[in-house]
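Here's a quick briefing to read with the model open in your viewer. Take a look at the structure first, then work through the points.

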Amino acid sequence: MIVIDSASPVPPFEQLRAQLARQIQERTLAVGTRLPTIRRLAADLGLAVNTVGRAYRELEEAGLIETRGAAGSFVSAAGEQGRERASRAAAEYAAVIASLGIDTAEAVRIVQAALTQGVPKVS
């Protein structure tokens with residue numbers, strides 16, 4: 001279920017994008033699941049079509065969904081591949097941290113700082 005809080009300082013497209021991304025990552029929306037059309041979801045949520053379109057575009061850029069023309073938008077298998085890639089990167093990071101003798105709390109602070117400051121997109 002998607003809930004848009006009109007009183008939130010977070011823009012509606014970002015609320016929608018984040019909630020859909022979370023549902024995909026938590027596998028509430030499984031790979032291959034067909035998403036509602038942009039127009040239908042916009043009407044259901046009381047949002048502008050462009051707002052939902054932007055959320056879908058950003059999810060597609062992140063590899064979490066794919067649009068198949070007139071067939072619609074679907075949860076992408078690439079999202080699962082991204083999770084596996086992130087898991088491998090985390091294992092590599094943990095090995096580096098262990099080899100440097102950095103404790104867990106400091107390692108987590110390093111990751112939080114990197115996420116907060118924004119990490120450049122890697123192609």
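What follows is a short tour of the core, the helix packing and a handful of single residues.

This is a predicted model, so the features below rest on confidence cut-offs: local features need pLDDT of at least 70, and side-chain atom pairs count only at 80 or more. The largest nonpolar core has 17 residues, and α1, α2 and α3 each supply at least two of them. Helix α3 packs against α1 with the axes 8 Å apart, and the axes of α2 and α3 come within 8 Å.

**The core**

- Within the 17-residue core, L16, L20, V52 and Y56 have the most contacts.
- The helices feeding this core span residues 12-25 (α1), 38-45 (α2) and 49-61 (α3).
- V52 is a residue of helix α3, and it is buried, with a relative accessible area of 0%.
- Leaving out neighbours within four places in sequence, V52 is in contact with L16, I38, L41, A42 and L47.
- For a distance check on V52, its C-alpha atom is 18 Å from that of A7, with the two positions 45 residues apart along the chain.
- Y56 has its own list of contacts beyond four places in sequence: L20, L35, P36, T37, I38, L41, I65 and S73.

**How α1 and α3 pack**

- The angle between α1 and α3 is about 45°, and their axes are 8 Å apart.
- The two helices, α1 and α3, are therefore oblique to each other.
- Their crossing, α1 with α3, is right-handed.
- On the α1 side, the contact is made by P12, F13, E14, L16, R17, L20 and A21.
- On the α3 side, T51, V52, R54, A55, Y56, E58 and L59 take part.

**How α2 and α3 pack**

- The axes of α2 and α3 cross at roughly 120° and come within 8 Å.
- That angle makes α2 oblique to α3.
- The crossing of α2 and α3 is right-handed.
- From α2, the residues I38, R39, L41 and A42 meet V49, V52, G53 and Y56 of α3.
- V52 and Y56 also appear among the α3 residues that contact α1.

**Q23 and R27**

- Is Q23, a residue of helix α1, buried or exposed? Q23 counts as buried, because its relative accessibility is 14% and the cut-off for buried is under 20%.
- The Q23 side chain reaches the backbone oxygen of M1 at 3.5 Å.
- Beyond four places in sequence, Q23 is in contact with M1, I2, T28 and L29.
- R27 sits in the loop between α1 and α2.
- The phi angle of R27 is near 65°, a positive value in a residue other than glycine.
- R27 counts as partly exposed, at 48% relative accessibility.

**The strand residues E66 and S73**

- E66 belongs to strand β1, residues 65-67, while S73 is found in strand β2, residues 73-75.
- E66 is partly exposed, with a relative accessible area of 31%, whereas S73 counts as buried at 9% relative accessibility.
- Which side chain does E66 join through a polar contact? The partner is R68, with a polar contact of 2.8 Å between the two side chains.
- The side chain of S73 makes a polar contact with the side chain of T67, at 3.0 Å.
- Not counting residues up to four places away in sequence, E66 touches E60, G72, S73, F74 and S76.
- With neighbours within four places left aside, S73 is in contact with T33, R34, L35, Y56, I65, E66 and T67.
- The C-alpha atoms of E66 and L100 are separated by 40 Å, and the two residues are 34 apart along the chain.

**Helix α5**

- Q117 lies in helix α5, which covers residues 104-117.
- Q117 counts as exposed, at 68% relative accessibility.
- Q117 and R85 are 21 Å apart in space, C-alpha to C-alpha, and 32 residues apart in sequence.

Definitions and conventions
Residues numbered from 1 in each chain as written. Heavy atoms only, no water. Core = buried A, V, L, I, M, F, W, Y, C linked by side-chain atoms within 4.5 Å. Buried < 20%, exposed > 50% of the residue type's maximum accessible area, 1.4 Å probe, protein only. Helix = DSSP H or I, 4+ residues; strand = E, 2+ residues; numbered from the N terminus. Contact = heavy atoms within 4.5 Å. Polar contact = N/O pair within 3.5 Å; in protein donor to acceptor, adjacent residues only side chain to side chain. Axes fitted to C-alpha atoms, helices over the stretch in contact; angles between N-to-C directions. Parallel < 35°, antiparallel > 145°, perpendicular 65-115°, else oblique. Left-handed = near helix turned anticlockwise from the far one by under 90°.
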